[in-house]
Amino acid sequence: MQAKFLTAILLLASVSFSVFGQVDIASRLKRQYENKKYDSIIAESASKTEGYTALSFYYTGMAYYMKNDDDNSLVYLNKAIAMEPDMASAYYYRAMSLTYIEEYLEAIKSFQNAIAADTANSGYYTSLGDLYFKIEDYDDALKTFSAAIHKKQPEDRAFTMIPQVYAAKNEMDKALQAYYFALQKLAVSSASYKTALYNIAQLEILNKNFIKAESVLKEFIKSEPADYSADAKLMQVYYGQKKYDSAKPLRDTLYYAYRKGRLRKTLKDRFCYDQFTWKDKRIEAYEKFETPRNNGDAKLIFYVMSGTDHIDFKIQTEYDPLLVELGTNMKYVLCKDQGDIHESYKKQLGDLVNYDDLKQSVLDVLDGKMKPVSENH
């Protein structure tokens, strides 16, 4: 009897030490993960995983995830889920890894499992919405983002993605309404609020609601003075209203930023200062910062666009050194490039350009009212 009792005590002690050992492993891996010691976690799991709990497998999977090793991340996250089927975060990061390796259908199921395990997490809905958006399932994306914004702590991104879904569906009025709704819900200091402001301005410009566009752009520029793309957008607002004097300080700001090397990407060497339509085409008017010095160099360029970003052809003012040698005030000739055909017109311009006159000349070229004086292939 005493021997059986002693054996029972020893067995109980063995189980207790085993449980405490499992807890110690998970706690240690958690500390290493929080300290970004991912390689240490991976090295430990490579030697043995005896005594690992669901949490231990989870932190090992997360270490691989942070090292962009999605295949191994999935191995350990699957082990964690097998041991604890209600671990929402394991399902979520499993879904993220599946998304990265383009296993989209399986990723959707895993996101849905994460949501089923934690219905209050707005981030889970937002990431699932992102995946639906990625695979162009816009209706499900809209439903999922809409669910995300109605959670107790909604993700900012969900508010700005809803209008993007509407835009992808070419429902631009609904997109604009959704951006205005986002402004009411987002913190004024947040990046998402500023994104909403900027996109509202772009849509209002396209709608020719220049007063509204001007208001939101000024608010944006006040909070982000170093984002020079907004200065170019505000120039478009003033050009749309023919307030060219109001646009001049903005042009000066862009040239100053260019000289200081502060401009990047689309503003690196030029800026768009006006947009207008001709028939079913959108015309974007650009100005290059560099002063042309070689024959054929362009200064002002009008891109004739079809669709979102396809350039059909361009009309531009090209530097003509012969005009300069003649001692006139003229420097540029209006030209057109379409495919391998280059046409020149009689229209000549100097440094000071009457924009309304130039714009009308461009329209005359488009309408065939102004004929080329020369053509080269």
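How much space lies in the largest pocket? In this predicted model, local features need pLDDT of at least 70 and side-chain atom pairs count only at pLDDT 80 or more, while totals for chains, interfaces and linings use all residues. Residues are numbered from 1 along each chain as its sequence is written, and side-chain values use heavy atoms, with hydrogens and water left out.

The largest pocket (on a 1 Å grid over the protein atoms alone, an open set of points where a 1.4 Å probe fits, with protein on both sides within 12 Å along at least five of seven lines) holds about 1,300 Å³ of space, a volume being the space filled by probe spheres set on the points, which are joined across faces, edges and corners. Its lining comprises 38 residues, of which Q202, L206, K233, Q275 and E284 are the closest to the centre; a lining residue has an atom within 4 Å of a point. Two or more lining residues come from each of α9 (156-168), α10 (172-185), α11 (191-206), α13 (229-240), β1 (270-278) and β2 (281-288), where helices (H or I, at least four residues) and strands (E, at least two) are DSSP runs numbered from the N terminus. The most is given by α11, with 6 residues.

The second largest pocket contains about 530 Å³ of space. Among the 22 residues that line the second largest pocket, R251, E287, D351, L352 and V353 are the closest to its centre, and the elements that give two or more residues to this lining are α14 (244-259), β3 (298-306) and α16 (355-366). The largest share of the lining, 3 residues, comes from α14.
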